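Reader: Please take me through the buried side of this model, and the sheets that go with it. Where should I look, and what sits against what?

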Amino acid sequence: MTKNPLLGMLDPADFDETIRPQDDLYRYVNGKWLARTEIPADKASYGSFHLLAEEAEKQVRTIIEDCVAGRITGELSGLAAKVASLYGSFMDEATVEADSAASLQQLQAPLDHATTKAELRDLWAQTFAEGTYEGFFDTGIDIDVNDPERYVNYFGQDGLGLPERAYYLEEKHASLLDQYRQHIARMFTLAGYASQSAAPDAAARIVDFETEIAKLHWDNVKTRDTDATNNPMTWEELAAKLPRFDLGAWRRASGLPDKMFMEVNVSEPDFLENMDRLWDSTDFETLKWWMLWHALNGHTSLLSSEIVNADFEFYGQKLAGKEQLRERWKRGVSLASSVMGEALGKLYVQRHFPAEAKSAMSHLVDNLIQAYQDSIAVLDWMGPETRDKALQKMRQFTPKIGYPDKWRNYEKLQLGDGTLMDKVHNASVFGTNFWIDKLGGPVDHTIWHMTPQTVNAYYNPTENEIVFPAAILQPPFFDKDADAAVNYGSIGAVIGHEIGHGFDDQGAKFDGTGKVENWWTDQDLAEFEKRTHALIDQYNAFVPQGLPAEFHVNGALTIGENIGDLGGLDIAWKAYLLELKQQGIADPADAPVIEGLSAAERFFLSWALSWQTKVRPEMAKQLISVDPHSPAEFRCNGVVANLDLFADTFQTQPGDALWLEPDQRVRIW
């Protein structure tokens, strides 16, 4: 680590001087780290985010162990007991092993007793809340994009065991698809669901059926299109799309309350119509095998070590390139966090998030919001009518920092004394009912969709809010002892990124209240789309180092995040200038030079350091297919090449890899 605390995590001695920042800022800053770093055996990627997540994971483990040992007393003792019950059951390997056979039978027996497609459908419905069986659609309750003062039930496509439709349909994934088929056969044999001779046929049926489902799925570019996926319907309109399947019978069998179905919003309407025909034309045995497979696949982490290890060999090793299964305590922490994340978060904040950190973050957020407003006010491509609406949306932004003002209530969570699988099912029912209870009532604006111990951040368009959990507010993203330029180049850009999502290609379709509303003039929208298309073209040309050309970045899939990155870094610099003025420094040239680095150099170097990441080739290929974020090297380099400030700071010129002609540089916000 650098000896000068003002540079935070930056250490000039660690820069790779064999690489010019004008050609590759990412590897100039991170090249030595990339060369010497081995990805931990239980990870598919490793870097800045992972380092923080590891620390938070250890801190949460200590909290959980205090819960198990009875060291959490007072008003939180009841929550602690529930955490201890779930985590203790997971960590009791001997009992999990002993219960595995019965749990496997619990998944299989109801399907074995079914004799018709109608009975399969009803089994899926009856266990929907607990999550035993999965089908070809999923539902979830969230704020209505057309009326952000109420909740609505959303229906979306489902039914695949691989990450995305491309794995079934594109030749570059053919080998993995064959391995997936073999994996299913192996899992059925280990579970005792099929003999070694019968399992391959069952697996082939499943993969062939999922391939047909994949053909009906919308791809991951279309599924992020707010306009295309916004299809409010009455119950009658939805049911009419599934007459052969008989959605009315599914509804009756589910026992779910009527308010879940009075009005719905369907993400992919023609998928349901086509799936209705596919369900009708597919034979009973294939459907039964498919439902059994998804039941098994959804519960592997709760079963014997033999099942867990086989699952890891495919999903962990072959699909993601990991070398080693995560230690059991880490998997236990993940399970407890998924069920009682805010309960643990409350304890995490008490121990690890001082009040001054929230205050410092609030100051940064205020400057970023002001900088965005200042920038929008002088955009040369936007007319006054649209500009007024954009500024109004900025004024309506709600920042949430560190932790919720109101913590989630877990009183209704009853885990019981059954097996680990039973407890997880009970937790799933609690989670489902939490959201069902919201339907028909006022929108609860205190809800967070990440826990305080999560190393991440998000923008929620239906509430026009930016949310920054406590765990990300640490080096290398935020260092209270570091120079402001260093912090604005890291956490400042993260803040700017999340604000930028309010104005990316999809966020820009929401107004300041969270409603889908076109607040653009036709001319301004055309100018905006011209810039987004130029950015899409830039990123389409990027191929991660070490991968074949066919695994190039999907600019259309990543455009929202790329807009967030580009605007985030650009506006972060403007926010830093506001910070300097608040310190009485009017010209950034008068900012102090530290260890020979100007303020602008520190800003960009800190940006590059924050994306320090190493990824296994298998995971890199998967991310290219499914991740709406660009690979780290392009989140760094792709952005800076578009900024005049970078070109001026590092004196880039034609011939440099990060040189873009000024008229080719994309500036949106």
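Author: Start with the cut-off: a residue counts as buried under 20% relative accessible area. Keep in mind that the model is predicted.

Take two cysteines. Cys67 has 5% relative accessibility, which is under 20%, so Cys67 is buried. Cys636 goes down to 0% and is therefore buried as well. A disulfide is a covalent bond between the sulfur atoms of two cysteines. How many disulfides does the structure hold? Zero.

Now helix H10. This helix covers residues 247-254 and is mostly covered, with six of its eight residues buried. Those are Leu247, Gly248, Ala249, Trp250, Arg251 and Ser254. What do they pack against? Three elements: helix H5 (117-126), strand E2 and helix H9 (235-239). After H10 comes Gly255, with a positive phi near 70°.

Trp250 deserves a second look. Besides being one of the buried residues of H10, Trp250 belongs to an aromatic cluster. Its fellow members are Trp124, Phe128, Phe136, Phe137, Phe155, Trp235, Phe245, Phe261 and Trp279.

Strand E2, one of the packing partners of H10, leads to a sheet. The sheet is open and has four strands, in the order E2-E3-E5-E4, with mixed pairing. E2 (137-144) and E4 (232-234) stand at its edges; each has a single partner strand, so one side of each lacks a neighbour in the sheet. On average, neighbouring strands here are turned by 35° against each other, direction ignored. At the E4 edge, three bridges tie E4 to strand E5 (residues 263-266), and the two run antiparallel. There, Pro232 faces Asn265 in E5. Strands of a sheet pair through backbone hydrogen bonds, either parallel or antiparallel.

Another open sheet has three strands. Their order is E6-E8-E7, again with mixed pairing. Strand E6 (398-402) and strand E7 (458-460) form the edges, each pairing on one side only. The twist averages 20° from one strand to the next. E7 is joined to strand E8 (residues 465-469) by three bridges, and these two strands run antiparallel. Asn460 stands opposite Glu465 in E8. Helix H18 (residues 484-500) lies across E7 and E8. Its direction makes an angle of about 145° with E8.

Back to the aromatics. A search of the whole structure turns up 52 aromatic pairs. One of them joins Tyr180 and Trp293: the ring centres are 6.2 Å apart and the planes stand at 65°, so this pair is edge-to-face. The pair bridges distant parts of the chain, with Tyr180 in helix H7 (residues 174-191) and Trp293 in helix H12 (residues 284-297). The two residues are 113 residues apart. Buried or exposed, Tyr180 and Trp293? Tyr180 is buried, and Trp293 is too.

Last, charges over rings. Arg61 lies over the face of Trp329, 4.1 Å from the ring centre. Lys393 does likewise over the face of Phe503, at 5.4 Å from the ring centre.

How values were computed: Residues numbered from 1 in each chain as written. Predicted model: local features only at pLDDT ≥ 70, side-chain atom pairs only at ≥ 80, totals over all residues. Heavy atoms only, no water. Disulfide = S-S within 2.5 Å. Buried < 20%, exposed > 50% of the residue type's maximum accessible area, 1.4 Å probe, protein only. Phe/Tyr/Trp six-rings, centres within 6.5 Å; stacked < 30°, edge-to-face > 60°. Lys NZ or Arg CZ within 6 Å of the ring centre and 35° of its normal. Pairing = 2+ DSSP bridges. Axes fitted to C-alpha atoms, helices over the stretch in contact; angles between N-to-C directions. Contact = heavy atoms within 4.5 Å.
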